[in-house]
Amino acid sequence: MKYINILSKMWLIAVAAMVVACSEDEGAPVTPSFPEEEQILSVNAGESVEIVFDASMDWKLYSSTLWCRFSNGMTSISGQAGKQAVQVSVNEDMLNYGEMQAEITLKQGDVEKVIAKLTRQGEMLLAVGEEGEIFTEESPLLLNFSRTSTTLSFTESFTLNFPWEFDQASLPEWLAVKNPPVKGGMHQKAELTVEITDDYLANEWTGSFRFKMQGEDRYADVPVKYTGLPADELVIRGISTKWNWSVSTDGLQYWTGGLTEGDDEPEKLSFPLSFRVLAKNSEYVVKAVYQDGDYLWIDGVDGAKAFFDIKDDAHGNLELCNVQENTSAKRRGYILVFPKSVYDELSHGGTWPDKNILLNATETDLSEDLNDEYIVMAFDQEGSQISSVAPIKVNVNGEGDIEATQGMGEILNPDVLEAVNQLYFADNENKNDYIFNYSVSAKSEVIITPYIKNYFGENSPIGSCEVRSFSDPWSPDSSIAVSQEGDTYENSNVYFQCGNESLLVIFKDDFGMVCKVLILNIQ
């Protein structure tokens, strides 16, 4: 018994000690630990982040917004003490164009503290193209060159996902927007008509259109790139047409048109004639070609000197000037301009001479292989002699050969004028030089020697002769019997008796091409 009492006392002492110890433990307060600094996070809708912290006791996290939720899909989550890594998901609830902030609060015991702030980025401002394209610096809106009469123009449409206003002031200097839109609502289209002027047409440029959000500093840019002229492209400004130009005998005036009988008198302008060449990076090659007799010559080749000058500032500004007075027959000049890359290719890097590139095999005309695109201007200068074309000679009633007068004369009959105009000559470009007129009395016997050149420009006998009356200038007059003789350029002629009506006498070569026309006026 004494032994049991001793054990009992010892047990009671131990229990008492345990009770005291437990009482002491329960009375000691536990201090929760929190991260020393708040975490500042920037995220986009659809992304998730991880919040890491050490909890010294049971804990609970709270989100201050519906768009910021934890892995359980709720705006709160709880757990036990220890190291924690909690996923936070950001969704699109209440998404707008401005930034929004959510606070993540950690509660341990009776103490709570904001341990993270999440800044959600607002919806991106977008300007979307007609096909749904979103343009970036790496994939800009491309504006490609195409030929126009004055300025290069494009029309582009964009749909914007915000209420917008067009920022005209931010346009780069190479872009001009015609009648720019002022503002529009969300998802309302903005249509821009963009023009690129000649000052910027040749080269490549980059920039952007800017649409600002109404009432805010935010904006959406549309990167844009103009690709410039292709290396083989050339644009000429200041010359309305490359053909049909004339220069006065004294070299002081030029004009275009008025080469056909009945045309209005053209406006004559004084030299110099200024024009502009647009080529990529202003890289171009200018060539002057001129006629001297039956042959063409290239200025600067084999000592040749053209009867005109071309001033060039190497920046695309050119002048035709210093045209010399012409004391002989009518002559022709050409201005040729090539993109440098084209000229280099034609000349095989400069190893082929210009004659091989620009002239035909006989050097009597421009090369058939030469692209008309690079002929900037062809002009004829009047001479002290009306033309280098040999005149038609007419012998009336055996009285001897007299030279016919070059030109249509005083013809006013519109049918006759139209019939002549529709004839296609072997040298059709200079057809007016091959038309002559002569007056005779009715019933005269005439012998006509036309001195024709065939389709190849060679001296030739008459191939055939067709006579038409003014009453029907479209068809041969079968009432007039035409005889023909001679087999050379010098002696080939026709003879017949005139009636009472004026005639068109049409001379053709062996190929059936019209070579000369004599208007025989019956008085």
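**His348**

I began with His348, which lies in the loop between helix H3 (340-346) and helix H4 (354-358); helices (H or I, at least four residues) and strands (E, at least two) are DSSP runs, numbered from the N terminus. I noted that phi of His348 is near 50°, a positive value in a residue other than glycine. His348 counts as partly exposed because its relative accessibility is 44%; buried means under 20% relative accessible area, exposed over 50%, and partly exposed in between (1.4 Å probe, protein chains only).

**Basis of the entries**

I am reading a predicted model, in which local features need pLDDT of at least 70 and side-chain atom pairs count only at pLDDT 80 or more, while totals for chains, interfaces and linings use all residues. Residues are numbered from 1 along each chain as its sequence is written, and side-chain values use heavy atoms, with hydrogens and water left out.

**Asn322 and Pro272**

I then looked up Asn322, a residue other than glycine whose phi is positive, near 50°. Asn322 sits in the loop between strand S26 (317-321) and strand S27 (331-339), and it is partly exposed at 47% relative accessibility.

For Pro272, I recorded that the peptide bond from Phe271 is cis, with omega near 5°. Pro272 belongs to the loop between strand S21 (269-270) and strand S22 (273-278).

**Ser248**

I located Ser248 in the loop between strand S19 (245-247) and strand S20 (253-256). Is Ser248 buried or exposed? I found Ser248 to be buried, as its relative accessible area is 9%. A polar atom of the Ser248 side chain lies 3.3 Å from the backbone nitrogen of Leu252. Leaving aside residues up to four places away in sequence, Ser248 touches Gln253, Trp255, Gln381 and Glu382, where contact means heavy atoms within 4.5 Å.

**Salt bridges**

How many salt bridges does the structure hold? I entered 13 salt bridges, each being a side-chain nitrogen of Lys or Arg within 4 Å of a carboxyl oxygen of Asp or Glu.

I examined the pair Asp199 and Arg276, whose closest N and O atoms are 3.2 Å apart. This pair links distant parts of the chain, with Asp199 in helix H2 (residues 198-201) and Arg276 in strand S22, 77 residues apart. Asp199 is exposed at 55% relative accessibility, whereas Arg276 is partly exposed at 26%.

I next examined the salt bridge between Lys355 and Asp302 (2.5 Å, N to O). Lys355 lies in helix H4 and Asp302 in the loop between strand S24 (295-298) and strand S25 (309-312), so the pair ties together parts that are 53 residues apart in sequence. Lys355 is partly exposed at 26% relative accessibility, while Asp302 is exposed, with a relative accessible area of 57%.

I also noted a salt bridge between the side chains of Glu466 and Lys508 (3.4 Å, N to O). Here too distant parts of the chain are linked, with Glu466 in strand S36 (residues 464-469) and Lys508 in strand S39, 42 residues apart. Glu466 is buried, with a relative accessible area of 15%. Elsewhere, Arg332, Asp380 and Glu429 are joined into one network by salt bridges that share partners.

**Phe511**

I closed with Phe511, placed in the loop between strand S39 (503-508) and strand S40 (514-522). Phe511 is exposed, because its relative accessible area is 51%.

Methods. A polar contact is a pair of N or O atoms within 3.5 Å; within protein, one must be able to donate a hydrogen and the other to accept it, and residues adjacent in sequence count only if both atoms are side-chain atoms.
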